[in-house]
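Colleague: Got a minute to go through this model with me? I'd like to start with the sheet.

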Amino acid sequence: MWPFNKKSNNVIIKINDIVISGNKKKTLLASCLAQGVEVKNNCGVGNCQKCSFALISGEVDTKQSQGRMLACCTFPITDIEIMSF
Ligand code: FES
């Protein structure tokens, strides 16, 4: 039935070929760590850039630092596929 789950905050996150569930109100970093997916991180607030990633598909609300997207400062808007470094 269309639109499917339009009001749901749930999204699917594919990170380095691992598929996890995410939430539009949680950062990518929080969703990954909560489900046991290791993502490099240190500060959790956008300073260290250890959690940088590349967006392969989908839409996100993100803060970029020096041209890099940071998982600790990014919220998924749609289902997404990313590559973590
Ligand atoms: S954990 Fe430091 S910038 Fe994301």
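Modeller: Sure, terms before anything else: strands (E, at least two residues) and helices (H or I, at least four) are DSSP runs, numbered from the N terminus. Two strands pair if DSSP finds at least two bridges between them. Also, this is a predicted model, where local features need pLDDT of at least 70 and side-chain atom pairs count only at pLDDT 80 or more, while totals for chains, interfaces and linings use all residues. Residues are numbered from 1 along each chain as its sequence is written.

Colleague: Fine. What's the strand order in the open sheet?

Modeller: Six strands, running β2-β1-β6-β3-β5-β4, and the pairing is mixed.

Colleague: Which strands sit at the edges?

Modeller: β2 (18-23) and β4 (60-65), each pairing on one side only. On average, neighbouring strands are turned by 40 degrees against each other, direction ignored. For that, axes are lines fitted to C-alpha atoms (for helices over the stretch in contact), and angles run from 0 to 180 degrees between N-to-C directions.

Colleague: Parallel or antiparallel for β1 and β6?

Modeller: Parallel, with three bridges joining β1 to β6. Ile15 stands opposite Ile82 in β6 there. On another pairing, β3 (residues 52-57) and β6 (residues 80-84) are antiparallel over four bridges, and Ile82 is the bridge partner of Leu55.

Colleague: And how many bridges between β1 and β2?

Modeller: Six, in the antiparallel sense. Ile13 has Ile20 as its bridge partner in β2, and Lys14 has Val19.

Colleague: What about the side chains along β1, which ones are buried?

Modeller: They alternate: Val11, Ile13 and Ile15 point to one face and are buried, whereas Asn10, Ile12 and Lys14 point to the other and are not. Buried means 20 or more other C-beta atoms within 10 Å of the residue's own, exposed means 12 or fewer, partly exposed is in between, and C-beta atoms are placed from the backbone.

Colleague: OK, the turn after β1. What's the phi of Asn16?

Modeller: Near 50 degrees, so a positive value in a residue other than glycine. Most residues other than glycine have a negative phi. Asn16 is in the hairpin of β1 and β2, which has two residues between the strands. Asn16 counts as partly exposed because 14 other C-beta atoms lie within 10 Å.

Colleague: And Asp17, buried or exposed?

Modeller: Exposed, because it has 7 C-beta neighbours inside 10 Å. Asp17 is in the loop between β1 (10-15) and β2. Its C-alpha atom is 8.3 Å from that of Met83, 66 residues apart along the chain.

Colleague: Gln49 caught my eye too. Where does it lie?

Modeller: In the loop between α1 and β3. Gln49 has a positive phi as well, near 65 degrees. With 16 C-beta neighbours inside 10 Å, Gln49 is partly exposed.

Colleague: Switching to the inside: how many residues are in the largest nonpolar core?

Modeller: 15, and those with the most contacts inside it are Leu29, Cys32, Cys51, Ala71 and Cys72. A nonpolar core here is a set of buried Ala, Val, Leu, Ile, Met, Phe, Trp, Tyr and Cys residues joined through C-beta atoms within 7 Å.

Colleague: Which elements supply it?

Modeller: β1, α1 (28-34), β5 (68-76) and β6 each give at least two residues. The largest share, four residues, comes from β5.

Colleague: What is Cys32 in contact with?

Modeller: Leaving aside neighbours within four places in sequence, Cys32 contacts Ile15, Ile20, Val37, Val39 and Ala71. Contact means C-beta atoms, placed from the backbone, within 7 Å.

How values were computed
Two residues are in contact if their C-beta atoms, placed from the backbone, lie within 7 Å.
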